[in-house]
Every structure is written in structure tokens, then in C-alpha cells.
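Work through the exercises below with the sequence and the model side by side. Each task is followed by a solution that goes step by step.

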Amino acid sequence: MDEDNSCRVNVPEPNEIVKLIRELNSAFKKNFITCGTAAGLDEVTLMHGWIMGYLYHNQDKAVYQKTIESDFGIKRSTVTTILQLMEKKGYIRREAVEGDARLKRIFLTEQGRETAARTKMMIERMEKNVVEGIGEDEREVFCRVARKILSNINQ
């Protein structure tokens, strides 16, 4: 009896999911750089963009280095280096907290707010392009599966 290939379930090859995640990550980074350069944001790294967006959306809250470390899941030394460079480029400023000079609250500068707003618009355009032709139900399934994968990785 002949097997009808059109009725077979499309089972991923071994390592295909991991390969696709890696390819998506690489393609997103390249697209971010290309779009950023076109938008005049070529000085902004991907991580600077995420942190400025985070600070922009949390302007009403006290954000410290530890907040960024925990919310982004990155090491203290890495965050220190990133924040020092962002401060040097004029995107942020750090102010000592009254009563504890070691603790510094992080604020966006005017340049940082403008850059965050431009970055947000660029990312919204990127997302519009990324989801073109993908239905809402497919996006929901993708997000649900991606969250499960992330949960599995973090366990």
C-alpha cells in the first residue's frame, strides 16, 4: 500500500527547533542593526535599545542596576559595563540615593528618551514586518510554544 505523503504530520528533524531558534535570533539581530542604521540609530546596540525601552516604560518607578540585572537575567559585571557605556554616550545618568551613596538610581537623559522613542518606533515597524502574513491564531500558538520552550530552558 502506497503511503500518502500529503497526510503525514510534518515532524521536525532532530535539532530543527534549536537550529530555528538560533537562526531567528541571528536574523533578528541583523535586522535590528540594518533597521537601526536606516533610522539613524547605528550607535545603539541591541541591549542598549532594550534597556532604554525598559527605562522609558518604567520612568515612574525606581530602577537600579540590580533591577536590570534581575529583569534581564544578566550578570552584574555585564550590566556595569553596559551602563558605563550608556552613561558615556549620554543615554543615562545615575544618581546616588539619599541615605545610601552606593545605591544609584538610573534615569534616561533627554537624549536617552529621544533615542528610546525612536527605537520603539523602529521595533514596532520591525514587528509589523515580521508578523506580516501570519494570522492572530498562529501568533498565539507561536507565543505559547515559545514561552514553554523558554520555561524548559530556564528549568
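Two residues are in contact when heavy atoms of theirs lie within 4.5 Å. The model used here is predicted.

**Exercise 1.** Find which residues of α1 and α5 meet, and sort them by class.

Solution. Begin with α1, which covers residues 16-38, and α5, which covers residues 110-130. On the α1 side, the residues in contact are Phe28, Asn31, Phe32, Cys35 and Gly36, and they meet Thr119, Met122, Ile123 and Met126 of α5. Sorted by class, this contact has six nonpolar and three polar residues, with no charged residues.

**Exercise 2.** Describe how α1 and α5 are placed relative to each other.

Solution. Two packed helices are described by the angle between their axes and by the distance between those axes. For α1 and α5 the angle is about 125 degrees, and the axes are 10 Å apart. Angles of 65 to 115 degrees count as roughly perpendicular and those over 145 as roughly antiparallel, and α1 and α5 are therefore oblique to each other. As a last step, take the handedness: the crossing of α1 and α5 is right-handed.

**Exercise 3.** Set out the order of helices and strands in the chain, and then its overall dimensions.

Solution. The chain contains six helices and two strands, which follow one another along the sequence as α-α-α-α-β-β-α-α. The C-alpha trace spans about 80 × 35 × 25 Å along its principal axes. The radius of gyration of the chain is 20 Å, whereas a compact globule of 155 residues would have one near 15 Å. Finally, 21% of the 155 residues count as buried.

Conventions:
Residues are numbered from 1 along each chain as its sequence is written. This is a predicted model: local features need pLDDT of at least 70, side-chain atom pairs count only at pLDDT 80 or more; totals for chains, interfaces and linings use all residues. Side-chain values use heavy atoms; hydrogens and water are left out. Axes are lines fitted to C-alpha atoms, for helices over the stretch in contact, and angles run from 0 to 180 degrees between N-to-C directions. Helices (H or I, at least four residues) and strands (E, at least two) are DSSP runs, numbered from the N terminus. Angles under 35 degrees count as roughly parallel, over 145 as roughly antiparallel, 65 to 115 as roughly perpendicular and the rest as oblique. A crossing is left-handed if the near helix is turned anticlockwise from the far one by less than a right angle, and right-handed if clockwise. Ala, Val, Leu, Ile, Met, Phe, Trp, Tyr, Cys and Pro count as nonpolar, Asp, Glu, Lys and Arg as charged, and the others, Gly among them, as polar. The radius of gyration is taken over C-alpha atoms; the globule rule is 2.2 Å times the number of residues to the power 0.38. Buried means under 20% relative accessible area, exposed over 50%, partly exposed in between (1.4 Å probe, protein chains only).
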